[in-house]
Every structure is written in structure tokens, then in C-alpha cells.
Amino acid sequence: MKMHFCIPVSQQRPDGLGGRYVLYSVYLDGFLFCRVRYSQLHRWNEQLRRVFGNSLPPFPPKHYLAMTTSMADERRDQLEQYLQNVTVDPNMLRSDVFVDFLKLVQLDTFSITTKKVSLDIFLPDGRSIKVEALTSDTAERVLEVVSHKVGLCRELLGFFGLFLIQFCKEGKLSVMKKLVDFELPYVSLRSSEVENCGIGLRKWYLDPSLDSRLMDCRVAVDLIYMQAIQDIEKEWAKPTEEQKQKLEALRKEDNQTKGSLLDMDGPQQTLNQNLELRFQYGEDSHWQWFVIYTQQAFLLSSCLKKMISDKMVKLAAENPEMQIEVPEQGKSRKYHVQQSQQKACSSFLPRKSKIKIVEVDCGFGTIKEDL
């Protein structure tokens with residue numbers, strides 16, 4: 001599935017030869033991810049093409065003459081589409097040439113060098129653990145270190161994820177976004193413009209029936225139990241009366257291994273302005289569009305995609321004749337697909353009306369090709 005890459009801002013910068021180049025600000029899930037030049041992305045595309053051949057999406061062509069404003073806008077749209085489409089292939093997401101480039105541009109954008117650091121990782125009950133990592137370690141790598149630290153079974157890593165969270169006044173907490181595997185947690189934390197942020201460990205599946213797969217690992221049970229308590233206390237989840245009674249009984253018995261307690265995740269705030277999230281749901285050949293205006297659009301969209309992924313995994317397990325590909329925590333599992341009764345897809349409105357061009361004493365008409 002596509003990731004929420006967008007390029008809403010570009011800036012003209014002078015180069016060392018008296019000319020100018022365009023620097024593109026790339027956002028991922030509503031947060032600044034990196035700033036890159038066309039030439040950097042072009043070289044990256046060439047490296048990817050040597051590995052993956054013609055399976056890559058089309059890359060915007062070079063222009064050897066000065067670009068007009070419309071040409072510059074078209075290139076930005078094309079680069080945005082390229083970044084979205086190149087992340088569809090799970091094999092590409094796991095490749096060294098893909099990950100190494102994105103690690104480098106994250107570090108370069110925020111002028112961070114590779115060095116050893118200590119990261120505080122917050123558990124759902126508010127406690128934190130300290131792990132040693134590198135500034136260049138990806139979220140996937142840091143999650144492995146955290147799992148080893150707390151004793152979480154390695155085969156259960158795909159059920160959990162690292163999230164950017166914000167600590168608000170009066171003990172309130174906001175889940176800002178899930179860190180994708182190739183994001184650098186240290187860089188994301190340092191570069192976030194949101195105050196009082198931290199990295200939190202939370203479960204990352206939305207089908208309560210999957211709880212049963214974690215019951216043999218005490219640490220996993222403890223984590224989902226703590227998250228159930230936290231989400232209910234913060235009113236992110238609304239348990240039934242029967243579930244409330246069951247939870248209270250578990251508290252009294254101090255027995256955390258009975259039943260499934262958590263029905264939903266509760267994403268809070270991601271942006272300071274409402275966005276429009278559209279998704280289409282179909283059942284029995286009847287399709288309906290849903291439109292939501294919310295500050296949580298990016299995270300809600302990620303949750304929708306995760307729900308579909310969980311559903312496909314469950315259907316594949318029940319029907320061996322299905323074939324689907326589900327990328328999950330650096331792994332790819334293939335199944336045969338014959339028929340699916342339900343389908344959902346999500347998208348945001350085109351961002352042309354929201355494009356912002358930051359100019360530095362020059363118009364696009366005089367910009368030369370960035371080679």
C-alpha cells in the first residue's frame with residue numbers, strides 16, 4: 001500500500017556556480033521527513049533501477065532548459081507520485097539501496113551525525129526504558145533492541161510498533177504517528193516541531209482476535225494489558241459493561257492472561273488543522289464513500305490500511321486458495337486470492353490548491369536543470 005509522502009513546499013537555493021537549484025521538502029504522514037534535490041532522487045532512482053529493473057515507477061525526466069512555473073509544479077507532482085508508488089513494493093522497502101538513501105537524507109536534512117545515543121522508550125503504563133542506539137538506527141532496528149530489552153519474543157515483533165507521542169498538560173497523551181520501518185526515531189524526535197514528544201511502544205494491529213496469538217508470551221500479554229488500561233482510562237476505547245466487569249475482575253485477580261480487552265486504538269492529534277480523509281467501502285456490490293474532516297487524517301488512514309492488512313492475513317489463513325502479499329515488519333507473505341467480499345481504499349484530496357512555493361529572490365523561469 002502507498003505511504004503518505006507529499007511535497008507541499010519547494011525552495012530555491014543558490015549553488016556554488018552562480019545558478020540555482022530547487023530543494024524539495026518531503027513530508028511523511030504530515031511531518032517533515034527530509035529535504036532533497038532532484039539530482040539526489042535521480043541518482044537514487046538509477047541505483048534502484050539497477051537492482052529492480054523496470055518494476056520501478058516512472059521517474060520525472062530531466063529538463064535541460066529553464067523550467068517555467070507550470071513545469072516546476074508538474075515535476076513536484078511527479079516526484080510526489082514517484083515516492084508514493086515506489087513504496088508499494090515490499091521487496092523494495094527492505095532493500096539496502098532504498099533504506100540507506102532515506103537514512104542518509106534524514107541525517108543530512110537535520111545536520112545530525114551518526115553517533116551513539118540513549119533513547120527513552122515509553123511503555124503504555126507511562127514507565128520508560130532506556131536503550132542504547134545509533135542516531136542512524138531505523139525504527140525497525142530500535143524496535144528489535146527494545147524487544148530484546150523487555151524480553152518480547154522476536155517472532156511477535158510484527159504485532160508492535162514505535163510511535164511518536166506527545167505529553168500534554170494534566171497527564172494527557174497524544175499519539176502523533178506511527179514510525180515506519182525506515183524512519184530514524186532519534187531524528188524524528190529531534191526534528192519534530194511539536195513540544196514534549198517521546199517515542200512510545202504500542203501494539204500495531206486492530207483486530208482484537210489477534211490477541212490470542214500473543215497469549216503464550218508473558219511480556220506481550222503485559223504490554224497489551226497495559227495498553228488496554230491506558231486506552232480505557234483516556235477514553236480512547238469504549239468497552240462494554242461486560243468488558244468493564246471482566247477488566248475489573250482481572251485487576252483484582254492480578255491475572256492478565258484471560259480474554260481480549262482492547263477493541264480499538266485511539267489516535268489523537270497529528271496536525272493543527274483539519275484535513276479531509278476519504279475512503280470507500282463496499283460489500284455485496286454496494287459501495288459507499290465516507291468523508292471525515294479531522295486533524296487525525298494521516299494516522300486514521302494508516303489505521304485503515306492496517307485493518308485491511310489484518311483482514312487479509314486472517315482471510316488467507318482461513319482460505320489457503322487465496323494469494324495476497326502482506327508486508328509486515330520487514331517480511332513478505334504470499335497467499336492465493338480468489339475472491340474478496342469487502343474492499344476499502346482511502347485517499348486525500350489533490351494538494352494542488354495547497355501548494356506553497358518559497359522563493360528566494362528569483363522566479364522559476366530562470367531555474368536551470370538540477371543535474
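How many helices and how many strands does the protein have? The model, which is predicted, has 9 helices and 14 strands.

**The whole chain**

Begin with the entire protein in view. Of its 371 residues, 49% are buried. Consider next the contacts in the protein with a separation of 6 or more: residues 24 or more positions apart account for 63% of them.

**Helices α1 and α4**

Select residues 38-52, which form helix α1, together with residues 96-109, which form helix α4. The axes of these two helices come within 10 Å and cross at roughly 165°. Angles over 145 degrees count as roughly antiparallel, and α1 and α4 are therefore roughly antiparallel to each other. The crossing of α1 past α4 is right-handed.

Now display the side chains where the two helices meet. On the α1 side, select Gln40, Leu41, Trp44, Gln47, Leu48, Val51 and Phe52. Their partners in α4 are Val97, Phe98, Phe101, Leu102 and Val105. Sorted by class, this contact between α1 and α4 comprises 10 nonpolar residues, 2 polar residues and no charged ones.

Keep Gln47 of helix α1 selected. Is Gln47 buried, partly exposed or exposed? The relative accessible area of Gln47 is 34%, and this residue counts as partly exposed because its value lies between the limits of 20% and 50%. Add Phe98 to the selection and compare the two positions. Along the sequence, Gln47 and Phe98 are 51 residues apart, while in space their C-alpha atoms are 8.8 Å apart.

**Helices α1 and α2**

Leave α1 on display and select residues 69-86, which form helix α2. The axes of α1 and α2 come within 12 Å, and they cross at roughly 35°. Which hand does the crossing of α1 and α2 have? This crossing is left-handed.

To see where these helices touch, select Tyr38, Leu41, Trp44, Asn45 and Leu48 in α1. They meet Arg75, Leu79, Tyr82, Leu83 and Val86 in α2. By class, the contact of α1 with α2 holds 8 nonpolar residues, 1 polar residue and 1 charged residue. Leu41, Trp44 and Leu48 of α1 deserve a second look: they are among the residues that meet α2, and they are also among those that meet α4.

**Two loop residues with positive phi**

Move to the loop between α4 and β4, the strand at 116-122, and select Ser111. Phi of Ser111 is near 50°, a positive value in a residue other than glycine. Ser111 has a relative accessibility of 68% and therefore counts as exposed.

Then go to the loop between α6 (185-191) and β8 (197-203), where Asn196 is found. Asn196 is not a glycine, yet its phi is positive, at about 55°. With a relative accessible area of 53%, Asn196 is exposed.

**The cysteines**

Finish with the cysteine residues. How many disulfides does the structure hold? The structure holds 0 disulfides. Select Cys217, which is in no disulfide, and then Cys153, whose sulfur is the nearest cysteine sulfur to that of Cys217, at 3.2 Å. A disulfide requires the two sulfur atoms to be within 2.5 Å, so this pair does not count as one. Cys217 is buried, with a relative accessible area of 5%. The last stop is Cys6, which at 18% relative accessibility also counts as buried, because the limit for that class is under 20%.

Methods:
Residues numbered from 1 in each chain as written. Predicted model: local features only at pLDDT ≥ 70, side-chain atom pairs only at ≥ 80, totals over all residues. Heavy atoms only, no water. Buried < 20%, exposed > 50% of the residue type's maximum accessible area, 1.4 Å probe, protein only. Axes fitted to C-alpha atoms, helices over the stretch in contact; angles between N-to-C directions. Helix = DSSP H or I, 4+ residues; strand = E, 2+ residues; numbered from the N terminus. Parallel < 35°, antiparallel > 145°, perpendicular 65-115°, else oblique. Left-handed = near helix turned anticlockwise from the far one by under 90°. Contact = heavy atoms within 4.5 Å. Nonpolar A, V, L, I, M, F, W, Y, C, P; charged D, E, K, R; others polar.
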